[in-house]
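Colleague: I am new to this structure. Please pick one part of it, start at the surface and work inward, and describe the surroundings in one go.

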Amino acid sequence: MTTRGVLYVHSAPRALCPHVEWAVAGVLGVRVSLDWIRQPAEPGTWRAEFSWQGEHGTASKLASALRGWHLLRFEVTAEPCPGAEGERYSSTPELGIFHAVTGIHGDILIPEDRLRAALARSARGETVLEAEIAKLLGKPWDDELEPFRYAGEGAPVRWLHQVV
């Protein structure tokens, strides 16, 4: 099964940029050269975007290859393909890595056992249900990454056209 996705490196120190390229190349098995631009949300860091195509599971391999670097903020997405749902990985230095399964419309699909566990923790008074659901949806990661997602001046723009 082949799928495609996007790697968003939201912020990386300049010295880490070639290591990111080497890690991505190691997963994909091809030479990779990312177009790095300055990240205005954190001066002194750089951002890049890379569209990839590969076997189902490539997003997981990319996230695993990048997750060990504390100063790196990134997201990896994979589109659903026949026989497999899509995926999204988000990573920040403060929160670590978040993984979500996504449906054909990009919605996060939460397995029922994770919902039941959140309900149980809430019923025992260990946590607030709203906070548990927010974590299951990746809200803390979204909150932290949102300022970095804004591309800033000079970022590549993709225009989408509706075909009727």
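Modeller: I will start with a nonpolar patch on the surface, made by Leu115, Ile133 and Leu137, which together have about 210 Å² of accessible area. Keep in mind that this is a predicted model. Of the three patch residues, take Ile133, which is found in helix H4, residues 129-136. Ile133 has 33% relative accessibility and therefore counts as partly exposed.

Helix H4 also holds one end of a salt bridge. The side chains of Arg121 and Glu132 meet with 2.6 Å from N to O. Arg121 belongs to helix H3, residues 112-123, and Glu132 to helix H4, so the pair links distant parts of the chain, 11 residues apart. The two ends differ in their surroundings: Arg121 is partly exposed, with a relative accessible area of 28%, whereas Glu132 is buried at 6%. A further salt bridge joins Glu126 and Arg124, where the closest N and O atoms are 2.7 Å apart. Arg124 counts as exposed because its relative accessibility is 54%. Elsewhere, Glu75, Arg88, Asp142, Glu146 and Arg149 are joined into one network by salt bridges that share partners.

The model has 13 salt bridges by the rule used here. One of them leads from the helices to the sheet: Arg73 pairs with Glu144, and their closest N and O atoms are 3.9 Å apart. Arg73 lies in strand E4 and Glu144 in helix H5, residues 139-149, so this pair ties together parts that are 71 residues apart in sequence. Both Arg73 and Glu144 are buried. As a general point, side chains of opposite charge can pair when their charged atoms come close.

Strand E4 brings us to the sheet. The sheet is open and has 7 strands, in the order E2-E3-E1-E4-E5-E6-E7, with antiparallel pairing. E2 and strand E7 (108-109) are the edge strands, each pairing on one side only. Moving along that order from the E2 end, strand E2 (residues 37-38) pairs with E3 over 2 bridges in the antiparallel sense. In this pairing Ile37 has Arg47 of E3 as its bridge partner. The hairpin of E2 and E3 has 6 residues between the strands, and Gly44 there takes a positive phi near 95°.

Next comes the pairing of strand E1 (residues 2-13) with strand E3 (residues 45-55), which is antiparallel and runs over 10 bridges. Two of its pairs can be picked out: Pro13 has Thr45 in E3 as its bridge partner, and Gly5 stands opposite Trp52 in E3. E1 also pairs with strand E4 (residues 73-78), in the antiparallel sense and over 6 bridges. There, Val6 has Thr77 in E4 as its bridge partner.

Trp52 deserves a closer look. This residue sits in strand E3 and counts as buried, because its relative accessibility is 4%. Leaving aside neighbours within four places in sequence, Trp52 is in contact with a set of residues that includes Gly5, Val6 and Leu7, as well as Leu28, Leu62, Val76 and Thr77. Arg38 is 14 residues from Trp52 along the chain, and the C-alpha atoms of the two are separated by 22 Å.

The last stop is the nonpolar core. In soluble globular proteins, nonpolar side chains tend to be buried together. Here the largest nonpolar core has 24 residues, and the members that touch the most others are Val20, Trp36, Leu72 and Val76. Two or more core residues come from each of E1, helix H1 (17-28), E3, helix H2 (58-66) and E4. H1 gives the most, with 5 residues. Leu72 shows what such a residue meets: beyond its neighbours within four places in sequence, its contacts are Val9, Ser11, Ala12, Leu16, Val20, Leu66, Ser91, Thr92 and Pro93.

Methods: Residues numbered from 1 in each chain as written. Predicted model: local features only at pLDDT ≥ 70, side-chain atom pairs only at ≥ 80, totals over all residues. Heavy atoms only, no water. Pairing = 2+ DSSP bridges. Core = buried A, V, L, I, M, F, W, Y, C linked by side-chain atoms within 4.5 Å. Buried < 20%, exposed > 50% of the residue type's maximum accessible area, 1.4 Å probe, protein only. Contact = heavy atoms within 4.5 Å. Patch = residues over 30% accessible without salt bridge, like charges linked within 9 Å, V, L, I, M, F, W, Y side chains within 5 Å. Areas by Shrake-Rupley, 256 points an atom, 1.4 Å probe, with all protein chains shown as cover. Salt bridge = Lys/Arg side-chain N within 4 Å of Asp/Glu carboxyl O.
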